[in-house]
Amino acid sequence: MSQANELYQQVILDHNRNPRNYHPMPDATYACQGYNPLCGDNITIFAKADATGQTLEDLSFQGNGCAICKASSSLMTSQLKGKPVSEARELFQEFHAMVKGDLDPETAPNHLGKLKLFQGVKEYSSRIKCATLAWHALMGALDRKETTSTE
Ligand code: ZN
């Protein structure tokens with residue numbers, strides 16, 4: 001196993017065991033439930049905007065998902081805290097392109113940071129939806145949808 005792969009496995013296991021930001025948010029500005037029928041992942045993403053509505057002050061998630069889904073939700077909610085909504089939308093595009101294999105984060109300019117860990121997911125096409133579910137749910141939340149599905 002390569003070093004990158006080993007790190008990926010460790011981070012996934014750690015975030016699966018101790019997910020960050022795993023709690024409901026009663027005063028959320030945005031909330032959307034995401035469902036991935038292919039795997040059974042079912043999570044809700046919560047986000048709170050600041051007074052201007054332009055910045056994500058806080059994010060959290062809750063629900064049931066596989067290790068990749070939970071780790072992805074955990075890392076996404078951590079990474080986007082305090083970030084502008086516009087940057088969240090941009091990161092979604094980059095993350096989606098990376099896990100589909102359309103963006104090589106080592107050569108193309110990007111803002112992925114720690115999220116680069118998920119680049120290995122492109123080798124496992126059935127897992128792509130597990131990794132992107134949190135992002136789809138967040139985009140759904142920002143677009144004022146109550147639910148979203150990967151299908
Ligand atoms: Zn899954």
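Me: How many residues does α2 have, and what span should they give at 1.5 Å a residue?

Reply: Happy to start there. This is a predicted model, and a helix can be checked by its rise: the expected span is 1.5 Å times one less than its number of residues. With 14 residues, α2 should span 20 Å, and its end C-alpha atoms are indeed 20 Å apart, so the two values agree.

Me: Is α2 mostly covered or mostly exposed?

Reply: The general idea is to look at relative accessible area, where buried means under 20%. In this helix, twelve of the 14 residues are buried. Among them are Ile68, Cys69, Leu75, Met76 and Leu80, but also Lys70 and Gln79.

Me: Which elements do the buried residues of α2 pack against?

Reply: Their partners are the helices α1 (3–17), α3 (85–99) and α4 (128–142), together with the strands β2 and β3. Just after α2, have a look at Gly82, which adopts a positive phi of about 85°.

Me: Now the metal. Which residues coordinate the zinc ion?

Reply: To read a metal site, list the donor atoms and then see where they sit along the chain. Here the zinc ion is held by the SG atoms of Cys39, Cys66 and Cys130, and Asp41 appears twice through OD, with distances of 2.2 to 2.6 Å. Along the chain the donors follow the spacing C-x1-D-x24-C-x63-C. Cys39 belongs to the loop between β1 (30–36) and β2 (41–49), while Cys66 belongs to the loop between β3 (56–64) and α2 (67–80), so this pair ties together parts 27 residues apart in sequence.

Me: Are Cys39 and Cys66 buried or partly exposed?

Reply: They fall on either side of the 20% cut-off. Cys66 has a relative accessible area of 19% and is buried, whereas Cys39, at 33%, counts as partly exposed.

Me: How do the axes of α3 and α4 cross?

Reply: For a helix pair, ask for the approach, the angle and the handedness. These two axes come within 10 Å and cross at roughly 155°. Angles over 145 degrees count as roughly antiparallel, and therefore α3 is roughly antiparallel to α4. The crossing is left-handed. The contact includes Phe92, Phe95 and Val99 from α3, and Ile128, Thr132 and Trp135 from α4.

Me: What does Val99 touch, leaving aside residues up to four places away in sequence?

Reply: Val99, found in helix α3, touches Phe118, Val121, Lys122, Ile128 and Thr132. Its relative accessible area is 0%, so Val99 is buried. Val99 and Lys116 are 17 residues apart in sequence, with 9.2 Å between their C-alpha atoms.

Notes: Residues are numbered from 1 along each chain as its sequence is written. This is a predicted model: local features need pLDDT of at least 70, side-chain atom pairs count only at pLDDT 80 or more; totals for chains, interfaces and linings use all residues. Side-chain values use heavy atoms; hydrogens and water are left out. Donors are N, O and S atoms within 2.8 Å of the metal (3.2 Å for Na, K and Ca); water is not among the atoms, so sites may look incomplete. Helices (H or I, at least four residues) and strands (E, at least two) are DSSP runs, numbered from the N terminus. Buried means under 20% relative accessible area, exposed over 50%, partly exposed in between (1.4 Å probe, protein chains only). Contact means heavy atoms within 4.5 Å. Axes are lines fitted to C-alpha atoms, for helices over the stretch in contact, and angles run from 0 to 180 degrees between N-to-C directions. Angles under 35 degrees count as roughly parallel, over 145 as roughly antiparallel, 65 to 115 as roughly perpendicular and the rest as oblique. A crossing is left-handed if the near helix is turned anticlockwise from the far one by less than a right angle, and right-handed if clockwise.
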